[in-house]
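Thanks for sharing this one with me. Here are a few notes to read alongside the coordinates.

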Amino acid sequence: MNWSRTGLRRFQGQLLGWFRRCQRDLPWRHTRDPYRIWLSEIMLQQTRVTAVMPYYRRFLARFPSVRALARAPTEEVLKLWAGLGYYSRARNLHRAAKEIVARHSGRFPRELEAALSLPGIGRYTAAAVLSIAYGEPHAALDGNVARVLARLFAVRGDLRAPRRWAQLQSAAQKLVAPYAPGDCNQAMMELGASVCTPRSPRCVECPVSRWCRAYQLGLVEALPAARRKRPKVKLTLAAAVLLDSRQRTLLIRPSKPDSDRGSGALFSRMWQFPAAIVKRHAQKELARHLQASLGFRGGFEGGEADGKGFVSLPPARHAVTFREISLAPFLVRVDRLPEVVGAKTPFLAELDRVPISSATRKIAAAALRSLPGS
Ligand code: SF4
């Protein structure tokens, strides 16, 4: 980047003027409270603004401050997060809130190093919070901003390659106006989200088109270079809704992400029905899994797993990052639920009181619909 000082000032003025006129009215743009800005940044990771809004409002109504969040039981935090996905974000947010109370007197730290030492806070989030809340001059570089920069400076190649990313970081830093770093960062994010979009950017409406190399060179559609996508992995997950005569069911929570034949990772270690990744004979394989993991003997005859008594429920689809999951749920009536250390046995109709993922919610809904009188 070899712009003159005047060119840089004009660019910043143009970008900031556009942002102040055209920015979307979002709840986290009405505050300088670092807690609220931090929360919005964490919720917005991998998640659309429209999906975040109701969660953001509910979360703040229940936890209006870092201290309120730090005091809450993890279960309650996860429950308010349920449905938003990527639950490690909620766990890290909660852990970080406790650290902020313990080590920073309940105030989000102002220094970059201290912010970076908190769980779940990377360079982008730290820069966004510090610049918006405290006016610290740190550039926030995420995928959206990187795309804008790649077009502005006609950067070719994989933007995530470490050297190229470092160059983008340095370019982003030069563009940040020291008198308004928070607005500069938000303006770049807004430009990426609403004008300089991944496909069909609206260059004729772009406030900074006169500085854009890709626009001048006719390379807008070609930049940035497409990243090679991780191939999709398809798998089938069979889940057992064990149900006793009082309509209580069994929920477990795998202690390690990779336990329970991988289903722990798929459910983000939230409460879930016992489940197993299966290959060809879902019922039999699930019956074997229930015996091995819970000592449950249903679905066995003559010492062989047959899955008899497992009533198939309508399948559902679920996607987690690169995994496409076919959910194969089964309703299994039992006289008594197996006794499992650390398990929960809530009423099937009352699972909304427990932190569960949206996949578990889909399975529970299918089970409820199958019951007589529903
Ligand atoms: Fe993006 Fe087009 Fe603006 Fe360049 S001119 S920054 S490609 S919207």
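1. A word on terms before we start: a salt bridge here is a side-chain nitrogen of Lys or Arg within 4 Å of a carboxyl oxygen of Asp or Glu. With that in hand, the count between domain 1 and domain 2 is two salt bridges. Please keep in mind that this is a predicted model.

2. Where do the domains run? The assignment splits the chain into domain 1 (5-217) and domain 2 (233-370). Their centres, taken over C-alpha atoms, are 38 Å apart. Domain 1 brings seven residues to the contact, and domain 2 brings 15 residues.

3. The area buried between domain 1 and domain 2 comes to about 860 Å², with carbon and sulfur atoms giving 55% of that.

4. For a specific pair to look at, try E75 and K344: their side chains form a salt bridge, at 3.8 Å from N to O.

5. Now to the ligand, which you will find in the largest cavity. Around the ligand are R151, V195, C196, C203, C206, S209, C212, Y215 and V220. Sorted by class, this shell holds seven nonpolar residues, one polar and one charged.

How values were computed:
Residues numbered from 1 in each chain as written. Predicted model: local features only at pLDDT ≥ 70, side-chain atom pairs only at ≥ 80, totals over all residues. Heavy atoms only, no water. Near = heavy atom within 4 Å. 1 Å grid on protein atoms, 1.4 Å probe; cavity = no way out; pocket = protein on both sides within 12 Å on 5 of 7 lines; lining within 4 Å. Sits in = over half its atoms within 2 Å of the grid points. Nonpolar A, V, L, I, M, F, W, Y, C, P; charged D, E, K, R; others polar. Domains from an automatic or database assignment. Contact = heavy atoms within 4.5 Å. Buried area = accessible area lost by both parts, 1.4 Å probe.
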